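Work through the exercises below with the model open. Each task is followed by a stepwise solution.

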Amino acid sequence: MAKKEKQSLSRKQIRRRRRRRLLIFEVILLTALVAGLFVWTKFGMIGYDTIQEVRTNEMDQETQQMLKGYTNIALFGVDNRSNGDFDTGHSDSIMVCSINNDTQEVRLLSVFRDTLLEVKEDSLQKATNAYQYGGPQGAIEMLNTNLDLDITDYVSVDFNALTAAVDAVGGVEIELTDEEAKIMNVNYIPEVAKVTGNPANLVSGGLQTLDGVQATSYCRVRYTSGNDFKRAERQRTVVSKLVEKAKQASIIELNDLINAVFPNISTSMSASELISLAKEYKDYELVDTTGFPFEKRTATLKSKGSVVVPTTLESNVKEMYVYLFDDSEHVISDTVHDLSEQIISISGFNEDDTVDYGY
């Protein structure tokens with residue numbers, strides 16, 4: 001009799017355990033569904049843009065295979081004075097974000113906006129004009145054509161996006177010079193505040209925690225020593241500070257950041273692609289940032305205006321491949337070679353004419 005009771009009790013225990021396991025499974029499933037719905041709702045805030053097949057140069061098979069190990073994304077900061085309009089406008093900020101898929105190392109390359117490049121077929125102009133002429137697709141193709149890249153996706157932001165992102169993480173700490181502070185206060189803070197509808201808090205020289213308007217204004221300063229080279233450096237500095245703050249943010253802070261930024265960006269990447277990148281964001285390490293071209297000189301050319309001349313485009317692209325991909329054997333495409341020769345012909349500058357500007 002005792003044996004039967006023991007067996008019966010064991011069966012009851014087994015049933016309870018099964019019910020408990022089922023309940024745990026249901027809770028996990030429900031949590032996953034809620035989390036999934038939350039994520040998809042958030043990504044539904046983004047402005048998605050379907051672009052046509054992007055043109056790339058003909059590259060050797062070894063280069064094509066090597067590039068498959070990297071995720072390269074074009075980042076554009078659009079200055080069109082009209083928030084939410086990502087189809088046109090000059091791209092004040094042009095960056096290539098290169099992610100090593102194996103190591104999760106990230107490198108940022110700023111292309112100076114005034115760099116003399118082919119912005120549309122048979123037209124050498126300032127790089128910033130490519131977005132104005134052809135929108136994000138035209139700007140991506142400008143990067144691919146001139147830099148031997150295979151970029152197919154982009155993310156564009158406007159004044160609101162950067163301002164909101166900085167405010168969401170509680171500001172970024174930047175050391176300002178007195179000259180930068182003066183220019184920001186007079187030329188940029190009032191305008192950015194007006195465009196974004198945020199307060200115009202003025203700054204002073206020294207170590208400052210910049211709010212969104214101030215940080216966006218800092219990114220726009222160009223009329224100091226270093227001109228556009230220094231401006232691109234400022235932009236990379238702010239991006240680096242944002243990445244640092246985001247990696248340290250709590251769930252609540254990340255939620256605020258997403259709510260603030262997602263409605264103010266446009267991208268060709270799908271929600272699933274963005275989720276795939278976002279789920280590993282804490283593993284990414286921003287290891288370095290720099291500007292392109294590495295070797296250069298400035299000049300004022302007839303019909304081109306004041307430009308940054310790569311000296312030469314071909315040698316700079318080779319150097320870029322070492323920087324981004326640790327590839328010192330890159331075979332330059334015929335397209336880049338021909339463009340390099342055209343730039344030399346128009347400007348009269350080659351490698352011997354390089355000037356070291358310190359940036």
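Buried means under 20% relative accessible area. Phe 325 has a relative accessible area of 4%, so Phe 325 is buried. The model is predicted.

**Exercise 1. Overview**

Task: State how many helices and strands the protein has, and what share of its residues count as buried.

Solution.
- Step 1. The secondary structure comes to 11 helices and 13 strands.
- Step 2. The protein has 359 residues, and 48% of them count as buried.
- Step 3. Turn to contacts between residues at least 6 apart in sequence: 73% of these join residues at least 24 apart.

**Exercise 2. The surroundings of Val 111**

Task: Place Val 111 in its element, decide whether it is buried or exposed, and list its contacts beyond four places in sequence.

Solution.
- Step 1. Val 111 belongs to strand S4, which covers residues 105–111.
- Step 2. Its relative accessible area is 3%. The cut-off for buried is under 20%. Therefore Val 111 is buried.
- Step 3. With neighbours within four places set aside, Val 111 touches Ile 94, Leu 117, Ala 127, Leu 143, Leu 147 and Phe 292.
- Step 4. Check a distance as well. Val 96 is 15 residues from Val 111 in sequence, and their C-alpha atoms are 7.9 Å apart.

**Exercise 3. Phe 292 and what follows**

Task: Classify the ring pair of Phe 292 and Phe 294, then describe the peptide bond from Phe 292 to Pro 293.

Solution.
- Step 1. The whole structure holds 7 aromatic pairs.
- Step 2. In the pair Phe 292 and Phe 294, the ring centres are 5.9 Å apart and the planes meet at 80 degrees. Planes over 60 degrees apart count as edge-to-face. So this pair is edge-to-face.
- Step 3. Phe 292 has 0% relative accessible area, so Phe 292 is buried. Phe 294, at 16%, is buried too.
- Step 4. The peptide bond from Phe 292 to Pro 293 is cis, with omega near 5 degrees.
- Step 5. Pro 293 sits in the loop between strand S11 (285–292) and strand S12 (296–301).

**Exercise 4. Aromatic rings in helix H10**

Task: Find the geometry of the pair Tyr 321 and Phe 325, and name the aromatic cluster that they form with Tyr 70.

Solution.
- Step 1. Both Tyr 321 and Phe 325 lie in helix H10 (residues 313–325). They are 4 residues apart, about one turn of the helix.
- Step 2. Tyr 321 is buried, at 0% relative accessible area.
- Step 3. The rings of Tyr 321 and Phe 325 are 5.1 Å apart centre to centre, with 65 degrees between the planes. The pair is edge-to-face.
- Step 4. Tyr 70, Tyr 321 and Phe 325 make up one aromatic cluster.

**Exercise 5. The second largest pocket**

Task: Give the volume of the second largest pocket and say which elements give two or more residues to its lining.

Solution.
- Step 1. The second largest pocket holds about 210 Å³ of space.
- Step 2. It is lined by 13 residues; the closest to its centre are Asn 227, Asp 228, Phe 229, Thr 298 and Ser 306.
- Step 3. Helix H7 (227–248) and strand S13 (305–310) each give two or more residues to the lining.
- Step 4. Sort the lining by type: 6 nonpolar, 4 polar and 3 charged residues.
- Step 5. Look at Phe 229 again. Lys 296 lies over the face of Phe 229, 5.0 Å from the ring centre.
- Step 6. Compare a second charge over a ring: the charged end of Arg 234 sits over Tyr 218, 5.9 Å from the ring centre.

**Exercise 6. Unusual backbone**

Task: Locate Gln 104 and Asp 148, give their phi values, and decide whether each is buried or exposed.

Solution.
- Step 1. Gln 104 is in the loop between strand S3 (90–100) and S4. Its phi is positive, about 70 degrees, although Gln 104 is not a glycine.
- Step 2. Gln 104 has 15% relative accessibility, so it counts as buried.
- Step 3. Asp 148 is in the loop between helix H3 (129–147) and strand S7 (153–157). Its phi is positive as well, near 55 degrees.
- Step 4. Asp 148 has 0% relative accessibility, so it counts as buried.
- Step 5. Finish with a cis peptide bond, which joins Thr 311 and Thr 312 with omega about 0 degrees. Thr 312 is in the loop between S13 and H10.

Terms used
Residues numbered from 1 in each chain as written. Predicted model: local features only at pLDDT ≥ 70, side-chain atom pairs only at ≥ 80, totals over all residues. Heavy atoms only, no water. Buried < 20%, exposed > 50% of the residue type's maximum accessible area, 1.4 Å probe, protein only. Contact = heavy atoms within 4.5 Å. 1 Å grid on protein atoms, 1.4 Å probe; cavity = no way out; pocket = protein on both sides within 12 Å on 5 of 7 lines; lining within 4 Å. Points joined across faces, edges and corners; volume = space filled by probe spheres on them. Nonpolar A, V, L, I, M, F, W, Y, C, P; charged D, E, K, R; others polar. Phe/Tyr/Trp six-rings, centres within 6.5 Å; stacked < 30°, edge-to-face > 60°. Lys NZ or Arg CZ within 6 Å of the ring centre and 35° of its normal.
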